[in-house]
Amino acid sequence: MNQKPLRLPQLINRTKSDSYKDVSNFYCRGLLALLIFFNLSLYAEPVSLDNQEVRAQRVESRIKKINAGEFDQFEIHGFKRFSPADKDKLKQWIKVGVNATRDTLGVYPSRLIFHLVPKKSNQPVPWAYTRRDTPQRIYLHVDSRFQQEKFINDWTIYHEISHLAIPYLGGNYAWLAEGFASFMQYQVMENAKVLTGTIDENYKNKITPHLKWFKSDLPPAAIARRLMSKRQYPSAYWGSAYFFVLADNILANQHQTSLTKLISQYQLCCNTPHTDVNQLMSDLDVLLGEPVFSQLLARFETQAARMIYPNEF
């Protein structure tokens, strides 16, 4: 359910010291994206001149908006339901979450909008979700009795903001979207130095308990969809996160880059609220110069899971 936003939202400005990159880096990234799009690999489907022009204009427009500071603000709704002290604490927590995610995944091509909902619980953020409305929104149910450090060290806000780094993929690929956000939450937390233990240890601890579902002749996509339908969400989310573990390993070993760097480029040139999964995979492949993502998705849709997943992580 959508909640009615406050009439006068609180706008939070990032200071100059909070900026995640130098202005020149924005231009370099924009030029890189344009060069990639105009020098497509031989494997790729031809991109029409009209489509090239649209993408070039989008990059140019986003660079101008970033440098004008248009995306440096974000909105927080719901403060009236919290005390002044809690308001300051929650404001700082969200600022940390936004800056950490932008530092890892790039500047988002739209203003981030948050809705805070009070909810007593045994954890700081018992529930959260994104709404792919126009504009997109993130709803955070919070127990403000917890200290600020507990909020900052909680994974939830990094997970939810990560969702918006790629478009809405529809119900049939909810497993992939959740796998992406689950993978990225630890990338963001490690980059922000709030992750306890190594990132490999965290992935191992989360993925290992769910490998049992993927010792099957069914393809991983079918297994993940079935787990989602049965509301076995941790198994679906973390089993699907392995898609991005594999992708990141391929990028590191064969292309000397990372998934977070690729997503930062994608945010600048291609991220729109609604597209289909094939377009997302194609866009990432074009940025990379090889059909890594399309081929990996095809494997997850057709190949036996036991041939893809390890017995031990």
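1. A quick definition before we start: a salt bridge here is a side-chain nitrogen of Lys or Arg within 4 Å of a carboxyl oxygen of Asp or Glu. Keep in mind that this is a predicted model. With that rule, the whole structure gives six salt bridges. I'll go through three of the pairs, then turn to a cavity, a helix and a lysine.

2. Start with arginine 111 and glutamate 75. Their closest N and O atoms are 3.4 Å apart, and the pair counts as a salt bridge because the cut-off is 4 Å. Arginine 111 sits in the loop between α3 (84–105) and β3 (112–118), while glutamate 75 belongs to strand β2 (residues 73–77), so this contact ties together parts that are 36 residues apart in sequence. As for exposure, arginine 111 is partly exposed at 28% relative accessible area, whereas glutamate 75, at 13%, counts as buried.

3. Next up, aspartate 133 and arginine 131. Their side chains form a salt bridge at 3.5 Å, N to O. Both partners are partly exposed: aspartate 133 has a relative accessible area of 22%, and arginine 131 has 23%. Aspartate 133 isn't classed as buried because that label needs a value under 20%.

4. The pair of arginine 306 and aspartate 217 is one to look at on screen. The salt bridge between these side chains comes out at 2.3 Å, N to O. Arginine 306 is in the segment after α12 (292–302) and aspartate 217 is in the loop between α7 (199–207) and α8 (220–229), so the two tie together parts that are 89 residues apart in sequence. Arginine 306 is partly exposed, with 49% relative accessible area. Aspartate 217 reaches 57% and counts as exposed.

5. On to cavities. The search finds two cavities of 30 Å³ or more. The second largest has a volume of about 30 Å³, and its lining is made up of Ile166, Phe180, Phe244, Leu259, Ile263, Leu280, Leu284 and Phe293. Helices α10 (259–269) and α11 (277–288) are the elements that give two or more residues to that lining. In terms of class, the lining has eight nonpolar residues, with no polar and no charged ones.

6. Helix α5 (residues 156–163) is mostly covered, with eight of its eight residues buried. Among them are Thr156, His159, Glu160, Ser162 and His163, alongside Ile157, Tyr158 and Ile161. What do the buried residues of α5 pack against? The list covers α3, β3, β4 (127–131), β5 (137–142), α4 (148–153) and α6 (174–191).

7. Last one: lysine 89, which lies in helix α3. Lysine 89 counts as buried, with 13% relative accessibility. Setting aside neighbours within four places in sequence, this lysine is in contact with Ser144, Arg145, Phe146, Gln147, Gln148 and Phe151. Lysine 89 and serine 144 are 55 residues apart in sequence, and their C-alpha atoms are 8.4 Å apart in space. The lysine 89 side chain also reaches the backbone oxygen of phenylalanine 146, at 2.7 Å.

Definitions and conventions: Residues are numbered from 1 along each chain as its sequence is written. This is a predicted model: local features need pLDDT of at least 70, side-chain atom pairs count only at pLDDT 80 or more; totals for chains, interfaces and linings use all residues. Side-chain values use heavy atoms; hydrogens and water are left out. Helices (H or I, at least four residues) and strands (E, at least two) are DSSP runs, numbered from the N terminus. Buried means under 20% relative accessible area, exposed over 50%, partly exposed in between (1.4 Å probe, protein chains only). On a 1 Å grid over the protein atoms alone, a cavity is a set of points where a 1.4 Å probe fits but cannot get out, and a pocket is an open set with protein on both sides within 12 Å along at least five of seven lines; lining residues have an atom within 4 Å of a point. Grid points are joined across faces, edges and corners, and a volume is the space filled by probe spheres set on the points. Ala, Val, Leu, Ile, Met, Phe, Trp, Tyr, Cys and Pro count as nonpolar, Asp, Glu, Lys and Arg as charged, and the others, Gly among them, as polar. Contact means heavy atoms within 4.5 Å. A polar contact is a pair of N or O atoms within 3.5 Å; within protein, one must be able to donate a hydrogen and the other to accept it, and residues adjacent in sequence count only if both atoms are side-chain atoms.
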